[in-house]
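The following note sets out several points for a colleague who has the coordinates at hand. Please read each one against the structure shown below.

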Amino acid sequence: MKRKSVQPVYSMCVQPSFIIGTNNNDGSYNFAPITWVSVTHEEGDGYLLVISMFGTKRTKQNVIRTGMFSANLVSTEMLPLMDYFGSKSAKNGKKNDVTYSVSRGAVLDVPTLDESPWVYECEVAKSVETGDSTTFFCHIRNIQIDERLSPNDTFDIDLSVLDPVIYSGKYHSLGKMLGEIGDFYNNN
């Protein structure tokens, strides 16, 4: 394969898309799409959800104020809702021009989207400021998953059931499951 060098302005950070749910000062809910989401390992067998937010959006202010949020994985069926939340600012009033169903978290008092097939309920453990971005390292207090999933272990998640939206500057979906670790290495 031949490669060429390009300026470091391109972003090909392939990331799952989430809609972050927070509580406003008045107790109402707020949702915003965020794609800078990953995980990192912490002590023991646990891991932290890592999420970065840029700017001064209300969602970021709510996370800083309350220290908790929900991270609702976006399925391809939810893409119009994600695009709506990304196109409408909470600064211009409540985001209720489209219909969606909201519940409360099972462990934390955070709003969750009923349409999401995978929901993290998170509590901030630590935050780091880098320029206009804040990166939150969060304890996952609960995970709600689609009833069609029956994982056998940590890595046994059928992404084709979740059908996540993947973002890399444009929206994408997944193709097919290709195999497991060790399926492609020839030991001979």
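1. Arg-141 lies in strand β10, within a model that is predicted. Its relative accessible area is 41%; Arg-141 is therefore classed as partly exposed, since that class falls between the 20% limit for buried and the 50% limit for exposed. As a long-range reference, Arg-141 and Asn-24 are separated by 117 residues in sequence and by 20 Å in space, C-alpha to C-alpha.

2. Which residue forms a salt bridge with Arg-141? The partner is Glu-123, and the closest N and O atoms of the two are 2.7 Å apart. This pair links distant parts of the chain, with Arg-141 in strand β10 and Glu-123 in strand β9 (residues 118-130), 18 residues apart. Glu-123 has a relative accessibility of 31%, so it counts as partly exposed. Side chains of opposite charge can pair when their charged atoms come close.

3. How many salt bridges does the model contain in total? The count comes to three. Besides the pair described above, one of them joins the side chains of Arg-104 and Asp-109, at 2.7 Å from N to O. Arg-104 is partly exposed at 36% relative accessible area, and Asp-109 is likewise partly exposed, at 47%.

4. Another salt bridge brings together the side chains of Asp-146 and Arg-148, again with an N to O distance of 2.7 Å. Is each partner here buried or exposed? Asp-146 has a relative accessible area of 17% and is buried, because the value is under the 20% limit. Arg-148, at 60% relative accessibility, counts as exposed, because the value is over 50%.

5. Strand β9 also holds Trp-118. The relative accessible area of Trp-118 is 11%, so this residue is buried. Trp-118 and Glu-147 are 29 residues apart in sequence, while their C-alpha atoms are 9.9 Å apart in space.

6. A patch of negative charge deserves attention. Which residues make it up? Asp-153, Asp-156, Asp-158, Glu-180 and Asp-183 gather there on the surface. Asp-158, one of these, is found in the loop between β10 (133-145) and α3 (159-162). At 35% relative accessibility, Asp-158 counts as partly exposed. That value also satisfies the patch criterion, because membership requires over 30% relative accessible area. A further condition is that a patch residue takes part in no salt bridge.

7. The next point concerns a strand pair. Strand β2 (residues 18-23) and β3 run antiparallel and are joined by six bridges. Within this pairing, Ile-20 stands opposite Ala-32 in β3. The two strands form a hairpin, with five residues between them. In the turn, Gly-27 has a positive phi of about 90 degrees.

8. Is strand β3 mostly covered or mostly open? β3 spans residues 29-34, and five of its six residues are buried, so the strand is mostly covered. As background, in a regular strand the side chains alternate between the two faces of the sheet.

Conventions: Residues are numbered from 1 along each chain as its sequence is written. This is a predicted model: local features need pLDDT of at least 70, side-chain atom pairs count only at pLDDT 80 or more; totals for chains, interfaces and linings use all residues. Side-chain values use heavy atoms; hydrogens and water are left out. Patches are made of residues with over 30% relative accessible area and no salt bridge: like charges are joined within 9 Å, nonpolar side chains (Val, Leu, Ile, Met, Phe, Trp, Tyr) within 5 Å. Accessible areas come from the Shrake-Rupley method with a 1.4 Å probe; for residues, only the protein chains shown count as cover. A salt bridge is a side-chain nitrogen of Lys or Arg within 4 Å of a carboxyl oxygen of Asp or Glu. Lys and Arg count as positive and Asp and Glu as negative; His and the chain ends are not counted. The place of a charge is taken as NZ of Lys, CZ of Arg, CG of Asp or CD of Glu. Helices (H or I, at least four residues) and strands (E, at least two) are DSSP runs, numbered from the N terminus. Buried means under 20% relative accessible area, exposed over 50%, partly exposed in between (1.4 Å probe, protein chains only). Two strands pair if DSSP finds at least two bridges between them.
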